Number of protein chains: 2
Amino acid sequence: MYSQAEENYLKALFSLSNFNGEVNVIDLSRELAIKMPTVTSMMKKLAGKNLVHYESYKPLRLTEKGKIEAALIVRKHRLTEMYLVEKMGFGWEEVHEVAEQIEHINSPAFFDKLDQLLGHPKVDPHGSPIPDKQGNMDVMEYRNLGQCEKGDTVKVAAVTNESDEFLMYLNSKEIYLGLEMVILSVDPFDGLIVVCYSGRSPEAISQKVWERLLVEKLEKDPQNRK
Amino acid sequence: MYSQAEENYLKALFSLSNFNGEVNVIDLSRELAIKMPTVTSMMKKLAGKNLVHYESYKPLRLTEKGKIEAALIVRKHRLTEMYLVEKMGFGWEEVHEVAEQIEHINSPAFFDKLDQLLGHPKVDPHGSPIPDKQGNMDVMEYRNLGQCEKGDTVKVAAVTNESDEFLMYLNSKEIYLGLEMVILSVDPFDGLIVVCYSGRSPEAISQKVWERLLVEKLEKDPQNRK
DNA sequence: TATTTTTGTTAGAGATGTCTAATTTTTGGT
DNA sequence: ACCAAAAATTAGACATCTCTAACAAAAATA
Ligand SMILES: [Mn+2]
Ligand SMILES: [Mn+2]
Ligand SMILES: [Mn+2]
Ligand SMILES: [Mn+2]
């Protein structure tokens, strides 16, 4: 239906859309590593296909149709990642690149099968929600580790960066989705957070790392677990 | 490494290469449904990459490098088809189109994983041999059903056409790879072959169908098999 | 062998998606 | 309000892959 290039622009617009849904040309340009004039001309093309609202010098916005089409590509990407991890035995640090390619495959039957074999999963291996077949995506209400305080018990719910270096760093620290950790201290000066998990000795987490971790805050009730 | 277009030309050249390895521009043009001038210019480009021997008005030939690259794409196609059928539950009539796309994915780890999960299969769901990682492909010595005679017992070994209509026709007749059939009669005039298999009542097979079936001739020894 | 048909090449153009250089508009600081 | 910096657009070019029209070579036929 849409070219691979068009799909990549839609997906980038979708992920850059903030609360008001506005995206600047320069941000899209940086995200895709494509120069601004190229972005501008593609935006005019997508506007012609009713996928983007475009007016000169105004911020970009996806149309309703554009949002749905983008979400459907994100769906294919995330189903692919989930299948690669759950059914084929890849690590969560190995799947983003190849999913970036497989998401452009045109075969509804193929992606329906992934979804079926996975039992209609709601999140991908990085904790991101998988949009449904209508293009609706749940908004997850996770918080940043930095928004927690000493004494909180939190559960790792998602990562906001999929680079293999970052994920391999987490692997080396034995940090994975679902892991529960207790916050021992938060340093307001350098942003260092010390946590304890899995019965290991306390571990310092730098801001660079915790900025990329989303967590769920658990009730302070150590009784009813472990 | 190579573009999707280049890969499709390589694969078509590979499959059209007959005993002497020569392919005419017009045949490649028909196979790919691409006009002859376009084919000529792509051949010059592939010759520049040392994948094709090209001389004006002479038949086309893949270089050794071209043969290997082509075989490696065929390998990806056939591993994909095998995985879709064996591990995901697709029918053999559903997989060719999507494999046509997935074969262009650039991810050695992905195809190595398919190969490993499948236990290093030697043939695909249509009975075609899967080239190894060096690009070597076995030459199967199957014969056409038309080259058999009354009384022969044969085993269906491969199909030479992957259209879903043909494969669904075979499905409807309960003909599949590995099926053994006895040839009851061969009509030299209209090419009709009557066979018996699976304890069913005799079935007439038209030339259009048997031309697309490759079989293995079994020893005439009804003793050691049911 | 001469003619016709088939096959293949050349020339020129269009669609897509990218770039750089130059210019314009908007934004932010003084 | 003015100026400088940042952001965005316009203009023009290029690579890739495709096409049609015209022409040339090779093969088939008479
Ligand atoms: Mn991803
Ligand atoms: Mn992509
Ligand atoms: Mn196939
Ligand atoms: Mn293909």
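These are my notes on a metal site, a domain assignment and a DNA strand in a predicted model.

Conventions: I number residues from 1 along each chain as its sequence is written, letter chains from A and number ligands from 1 in the order in which they are written. Local features need pLDDT of at least 70 and side-chain atom pairs count only at pLDDT 80 or more, while totals for chains, interfaces and linings use all residues; side-chain values use heavy atoms, with hydrogens and water left out.

Metal site. I looked up the protein donors (N, O and S atoms within 2.8 Å of the metal, or 3.2 Å for Na, K and Ca; water is not among the atoms, so sites may look incomplete). For the manganese ion (ligand 2) I found Asn8(A) (OD1), Glu100(A) (O and OE), Glu103(A) (OE) and His104(A) (NE2), lying 2.0 to 2.7 Å from the ion. The sequence spacing of the donor residues reads N-x91-E-x2-E-H.

I then checked accessibility (buried is under 20% relative accessible area, exposed over 50%, partly exposed in between; 1.4 Å probe, protein chains only). His104(A) is buried at 12%, and Glu100(A) is partly exposed at 22%.

DNA strand C. I took residues as near if one of their heavy atoms lies within 4 Å of the strand. Of 22 such residues, those that come nearest include Ser3(A), Lys45(A) and Tyr54(B). Sugar and phosphate make up 73% of the strand's atoms that come within 4 Å of the protein. I noted a side-chain N or O atom of Ser3(A) 2.6 Å from a phosphate oxygen of the strand; for a polar side-chain atom of Tyr54(B) I noted 2.2 Å.

Technical notes:
Polar contact = N/O pair within 3.5 Å; in protein donor to acceptor, adjacent residues only side chain to side chain.
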